[in-house]
Amino acid sequence: MAEKKRFQAIKGTRDLLPPDTELWNRVEQTAREVFGTFGFGEIRPPIFEPTELFARSIGVDTDVVSKEMYSFFDRPIDLAPPHTFYDTGRYIKGLKDLLARGEIPNDEKNREIIQQLSERWEEFEKLPPDQPLEGEAKASLFRILGFRDRVRLGPEITLRPEATASVCRAYIEHGMHAWPQPVKLYYLGPMFRRERPQKGRYRQFYQIGAEVLETVQPGQGGAKDISKDAAVDAEVIEMVMAFFASLGLEGVQLEINSIGHAADNCRRGYVKNLQAALEKVKDKLGPDSQRRIETNPLRVLDSKLESEQAIIAGLPKISEQLCDDCEKEYAEVKRQLELRGAKYTENWRLVRGLDYYMRTTFEITAKGLGSQNAVCGGGRYDGLVELLGGLPTKGIGFAIGEDRLILSLQEAGKGGAAAGRDVFVAWMGERAQAAASAATQRLRAAGFRVELPPVEQKFGKALGQADKLGARYALILGEDEVATGQWTVKTLANGSQAKMSEAEFLEKLKNEVRK
Ligand code: ATP
Ligand code: MG
């Protein structure tokens with residue numbers, strides 16, 4: 001008999017259950033409604049994409065790409081893995097066929113590995129049969145297993161750690177540059193990152209995000225667009241704030257910054273100065289920051305290390321070195337936020353480490369989340385679509401951490417209540433069952449939440465259960481009620497009871513449940 005085993009959700013993943021899921025649904029419904037009023041449409045990209053897409057767009061130096069992604073090699077559907085070691089011959093033949101048909105990656109490395117595997121297998125087959133697997137036979141077996149494991153059976157795939165890359169990929173793939181511009185899309189769904197699970201940090205977590213993409217037309221773009229870009233940035237931020245406001249999220253704080261653009265007279269010049277300043281204080285920095293002086297100096301500004309805070313405060317600031325256009329855009333973004341009534345503070349340490357990020361960056365924090373208090377991050381990324389093989393296209397977007405948003409709402413007592421029932425139908429007798437099920441159908445069709453016990457219960461027991469389920473009314477249907485068409489309705493909160501027709505009961509529900 002199979003061992004009795006209890007399964008548990010994998011570390012960093014969790015089941016979302018009622019009544020919590022009621023709040024999740026309300027949050028998602030509100031997002032759809034609010035984003036809809038700003039003219040955004042929903043995109044649902046796949047959950048997995050080629051690893052290369054994320055590596056390129058997020059950057060191989062980042063924590064996300066270097067250690068947090070869930071990646072695996074895909075495999076062809078019609079090649080069963082070897083059942084036993086002696087089945088390897090069949091497997092190799094299958095590999096060769098698929099290689100020839102290009103159904104597994106046909107590159108030099110894979111061809112070489114399969115060739116080696118095939119030769120080692122031929123050697124093994126020449127060994128006298130029935131001998132014990134030791135000595136040369138054992139060594140040969142391990143060589144074969146080694147090569148067998150290294151064959152790449154398909155392209156490398158990754159569970160998405162974020163969705164901006166997918167949206168840009170889809171923009172290119174579906175020729176959205178020919179759609180009315182700008183293209184405004186939102187998405188919601190799970191993302192996957194291998195992180196240390198803690199409050200507000202999971203391995204499967206949920207984001208709600210949006211992107212505005214606009215392909216630059218010939219003769220357009222550049223300095224002329226400054227006020228237009230700034231207005232788009234401000235509207236995107238306004239939309240997130242409107243969403244949070246309609247949820248009643250508390251302690252919302254918006255921080256903004258401009259990170260200029262990748263040019264010598266702008267961010268590149270600044271990064272050089274920053275690097276020089278960091279070299280001077282190198283000894284006082286921790287190992288992570290020391291390493292980043294070389295690889296990604298901007299990221300030092302991100303550091304949460306207590307001992308580095310005073311040093312970072314004394315570093316040069318990017319605002320002192322923005323080029324004229326970036327400075328103008330930043331000033332315009334601030335003006336645009338003010339005229340939309342969005343309160344912000346400036347945070348010069350808010351940065352993004354990749355070249356295609358430019359100008360506006362922002363982050364929003366909320367109450368009740370401890371150190372994981374960022375609920376939204378966003379920014380402008382004008383170079384990304386082109387980096388992924390598309391036309392020069394402007395982009396700005398954000399991603400909200402839905403798990404943290406929900407936590408903050410729950411901490412503030414805005415969680416969903418237990419679902420409850422509007423009506424519990426207590427019936428007794430065969431004739432009553434038919435009447436009860438017909439009544440239930442009509443009440444449900446009118447939109448009320450109705451519980452109909454599958455078997456007959458004594459009225460006392462039925463009323464007890466109605467109470468436990470948090471039902472508002474018990475509809476009592478016995479032989480009497482069926483015969484007269486007058487229903488007995490009990491209000492569970494105060495125990496009062498009244499006789500009424502079905503039409504009267506429906507009217508009562510409409511008045512008292514839906515108010
Ligand atoms: P953090 O600094 O908290 O790791 P991040 O910079 O990695 O955040 P982004 O990639 O900008 O986060 O994602 C946007 C939002 O998604 C974050 O502000 C946060 O609310 C949420 N988020 C990111 N990673 C996780 C996670 N592992 N679990 C839950 N929420 C997350
Ligand atoms: Mg992170």
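This report walks through a predicted model, from its main sheet to its ligand site, its nonpolar core and a hairpin late in the chain.

## The eight-stranded sheet

A good place to start is the open sheet, where eight strands line up in the order β1-β5-β6-β11-β10-β9-β7-β8. Its pairing is mixed. At the edges sit β1 (41-42) and β8 (345-346), each of which pairs on one side only.

Within this sheet, β10 and β11 run antiparallel to each other and share five bridges. One pairing to look for is Arg 380, whose bridge partner in β11 is Ile 396. In general, strands of a sheet pair through backbone hydrogen bonds, in either a parallel or an antiparallel sense.

## Thr 393 in strand β11

Strand β11 also holds Thr 393. Is this residue buried or exposed? Thr 393 has a relative accessible area of 2%, and because the cut-off for buried is under 20%, Thr 393 counts as buried.

The side chain of Thr 393 has polar company all the same. It makes a polar contact of 3.0 Å with the side chain of Thr 215, and a polar atom of the Thr 393 side chain lies 2.7 Å from the backbone oxygen of Leu 391. Leaving out residues up to four places away in sequence, Thr 393 touches Tyr 171, Leu 213, Glu 214, Thr 215, Val 216, Asp 382, Gly 383 and Val 385.

## Around ligand 1

The surroundings of ligand 1 comprise 13 residues, and those that come nearest are Arg 193, Glu 195, Arg 201, Tyr 202 and Ala 374. Two arginines reach oxygen atoms of the ligand with their side chains: a polar side-chain atom of Arg 193 lies 2.9 Å from one such oxygen, and an N or O atom in the side chain of Arg 201 is likewise 2.9 Å from an oxygen atom of ligand 1. Gly 401 takes part through its backbone, with an N or O atom 3.5 Å from a ligand oxygen.

On its own, ligand 1 has 580 Å² of accessible area, and the protein covers 76% of it. Which elements give two or more residues to the shell? They are β6 (204-215), β10 (374-380) and β11 (393-401). The largest share, three residues, comes from β10.

## The largest nonpolar core

The largest nonpolar core has 97 residues, and the members that touch the most others are Phe 35, Phe 243, Phe 244, Phe 362 and Phe 398. Helix α8 (residues 226-247) provides the largest share of this core, with 10 residues. Nonpolar side chains tend to be buried together in soluble globular proteins.

Phe 244 is a handy residue to follow from here. Neighbours within four places in sequence aside, Phe 244 is in contact with Leu 249, Val 252, Ile 364, Val 375, Cys 376, Ile 400 and Leu 405.

## Strand β15 and its hairpin

Strand β15 (residues 487-491) is mostly covered, with five of its five residues buried. In a regular strand, side chains alternate between the two faces of the sheet. Here Trp 487, Val 489 and Thr 491 are buried on one side, and Thr 488 and Lys 490 on the other.

β15 has antiparallel partners in strand β14 (residues 471-477), through four bridges, and in strand β16 (residues 497-500), again through four bridges. Lys 490 stands opposite Ala 474, and in β16 its bridge partner is Gln 497. β15 and β16 form a hairpin with five residues between them. In that turn, Gly 495 has a positive phi of about 75 degrees.

Methods
Residues numbered from 1 in each chain as written. Chains lettered and ligands numbered in written order. Predicted model: local features only at pLDDT ≥ 70, side-chain atom pairs only at ≥ 80, totals over all residues. Heavy atoms only, no water. Core = buried A, V, L, I, M, F, W, Y, C linked by side-chain atoms within 4.5 Å. Buried < 20%, exposed > 50% of the residue type's maximum accessible area, 1.4 Å probe, protein only. Contact = heavy atoms within 4.5 Å. Pairing = 2+ DSSP bridges. Near = heavy atom within 4 Å. Polar contact = N/O pair within 3.5 Å; in protein donor to acceptor, adjacent residues only side chain to side chain. Areas by Shrake-Rupley, 256 points an atom, 1.4 Å probe, with all protein chains shown as cover.
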